[in-house]
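Hi,

Here is the model I promised to pass on. Have a look at it first, and then read my notes below.

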Amino acid sequence: MVEPLSLPPYFHPTTVCLVDDNESFIRSLSLEIPETLAFRGFTDPQVALDLVNRPSPLPPLVDRCFSMERRADEDPVIHLDLGVIEQEINHRERFERISVVLVDYAMPAVDGLQFCAGVRDPYIRKAMLTGVADEKLAVEAFNAGLIHRFIPKHTATAIDKLLSFIDELQQMYFGQYTARLQNALAIDPPGFLVDPVIAIRVTQLIAEHQLVEYYLVNEPPGFLMLRADGTVLRLVLLDDQERQQQLDLARRHHAPESIVAGLESGKLLALLSGDSPANYFGSEPFPWSDSVAAAERIQGTRNWHLAVFQDPATDIDFDPAACCYNAYLRTLDQQ
């Protein structure tokens, strides 16, 4: 899902389009592609191009993170609102974004090069499927920047290689979209976003927990992460100073000795929103045992403390039945 060298601030599945006038080729390929990949096949290039160029009802997330405030006699001020990122899980349209187009070159009505030239979104990654006779044209198109990869059709039948191409292109797609956000964060980024050791560990956690998307969050720092069925996990990532602040908070609000000892030893981390023990007005004591999870320490550019919380309480009104990735895949199956 992510490159093991750095972490984009967010990631979610997108849709791949295959355009080929050979219906049997599309049918056979669709049977081999994993059910977990959002995939749409078209035999009519014009229908496919209309879909690819259809305006999205949802502006890109990175654009919604920025707003401009104008004040009289002052220069405009641009605000970056990271709180918008986690709200993305409420928009099923996020999965509809077409990230990669695989298009056959040899089509009678519109050939692959004409199709690629007609794609308006500069972020979409384009790969052309070619026969032996078309490879010279494909090389020229690649060198001219019209396509980003060309795939010999005999290679396209090797599903592992094709999926590797798709994964690479989808990461390129996301890299472009998140570059602006990463640049804005570059002044004072969360340290774990630029620590390759953390990127590797997060990649491992994504595989271990079968996660398909994640979003940068604060209070405490880390990621909101989801499985395809909409199950939510919360990854907390703290440095030494942030971990000490949790320990001080627990002591100040008289957490049980076992909780304090676990936080002090680094065996536990807490998932607390702001100063939540101080804002707790229940008749029972604050539920510390429900607010901690087993932690691990990782040595990267600094000491990091990491914990995964299953099904955490969130402030987001999220309907997994309607907005999870599996719900979107079921919609594609019905089309």
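Where does Pro-220 lie? Pro-220 is in the loop between strand E9 (211–217) and E10. Keep in mind that this is a predicted model, so everything below is computed from its atoms.

That loop is a good place to start. Glu-219 and Pro-220 are joined by a cis peptide bond, with omega at about -10 degrees. Glu-219, found in the loop between E9 and E10 as well, has a phi near 50 degrees, which is a positive value in a residue other than glycine. Is Glu-219 buried or exposed? Glu-219 is exposed, at a relative accessible area of 55%.

On to the antiparallel sheet. This open sheet has seven strands in the order E1-E9-E10-E11-E14-E13-E12, with antiparallel pairing. Strand E1 (10–11) and strand E12 (268–270) are its edge strands, and each of them pairs on one side only. E9 and E10, on either side of the loop with the cis bond, run antiparallel and are joined by six bridges. If you want to check the register, Leu-211 stands opposite Arg-227 in E10. Helix H9 (residues 196–208) packs on this sheet, where H9 touches E9, E10, E11, E13 and E14. The direction of H9 makes about 140 degrees with that of E13.

Next along is the hairpin. E10 and E11 form a hairpin with four residues between them, and Gly-230 in the turn has a positive phi of about 90 degrees. Strand E10 (residues 222–227) pairs with E11 in the antiparallel sense over five bridges, and Leu-226 stands opposite Val-232 in E11. On the other side of the order, E11 pairs with strand E14 (residues 303–310), again in the antiparallel sense, over seven bridges. There, Leu-233 stands opposite Gln-310 in E14.

How many residues of strand E11 are buried? Eight of the eight residues in E11 (residues 232–239) are buried. In a regular strand, side chains alternate between the two faces of the sheet. For E11, both faces are covered: Val-232, Arg-234, Val-236 and Leu-238 are buried on one side, and Leu-233, Leu-235, Leu-237 and Asp-239 are buried on the other. Note that the buried set includes Arg-234 and Asp-239, in case you want to look at those side chains yourself.

Helix H10 also meets this sheet. H10 lies across E11, E12 and E14, and runs at about 105 degrees to E11. Helix H10 (residues 240–252) packs with helix H11 (residues 257–265) at an angle of about 165 degrees, and their axes are 9 Å apart. That angle makes H10 roughly antiparallel to H11. The crossing of the two helices is left-handed. On the H10 side, Arg-243, Gln-246, Leu-247, Ala-250 and Arg-251 meet Val-260, Leu-263 and Glu-264 in H11. The residues of this contact divide into four nonpolar, one polar and three charged.

The loop between H10 and H11 holds His-254. His-254 is not a glycine, yet its phi is positive, at about 55 degrees. His-254 is exposed, with a relative accessible area of 70%.

Then there is the parallel sheet. What is the order of its strands? The open sheet of five strands runs E3-E2-E6-E7-E8, with parallel pairing. Strand E3 (38–42) and strand E8 (149–152) stand at the edges with a single partner strand each, so one side of each has no neighbour in the sheet. From one strand to the next, the twist averages 20 degrees. Strand E2 (residues 15–19) and E3 run parallel and are joined by five bridges; the bridge partner of Val-19 is Phe-42 in E3. Helix H13 (residues 325–334) packs on this sheet and touches E2 and E3, with a direction about 15 degrees from that of E3.

One last spot to look at is Thr-301, in the loop between strand E13 (292–299) and E14. Thr-301 is exposed, at a relative accessible area of 58%. The C-alpha atoms of Thr-301 and Ser-276 are separated by 30 Å, with the two residues 25 apart along the chain.

Cheers

Definitions and conventions
Residues numbered from 1 in each chain as written. Predicted model: local features only at pLDDT ≥ 70, side-chain atom pairs only at ≥ 80, totals over all residues. Heavy atoms only, no water. Buried < 20%, exposed > 50% of the residue type's maximum accessible area, 1.4 Å probe, protein only. Pairing = 2+ DSSP bridges. Axes fitted to C-alpha atoms, helices over the stretch in contact; angles between N-to-C directions. Parallel < 35°, antiparallel > 145°, perpendicular 65-115°, else oblique. Left-handed = near helix turned anticlockwise from the far one by under 90°. Contact = heavy atoms within 4.5 Å. Nonpolar A, V, L, I, M, F, W, Y, C, P; charged D, E, K, R; others polar.
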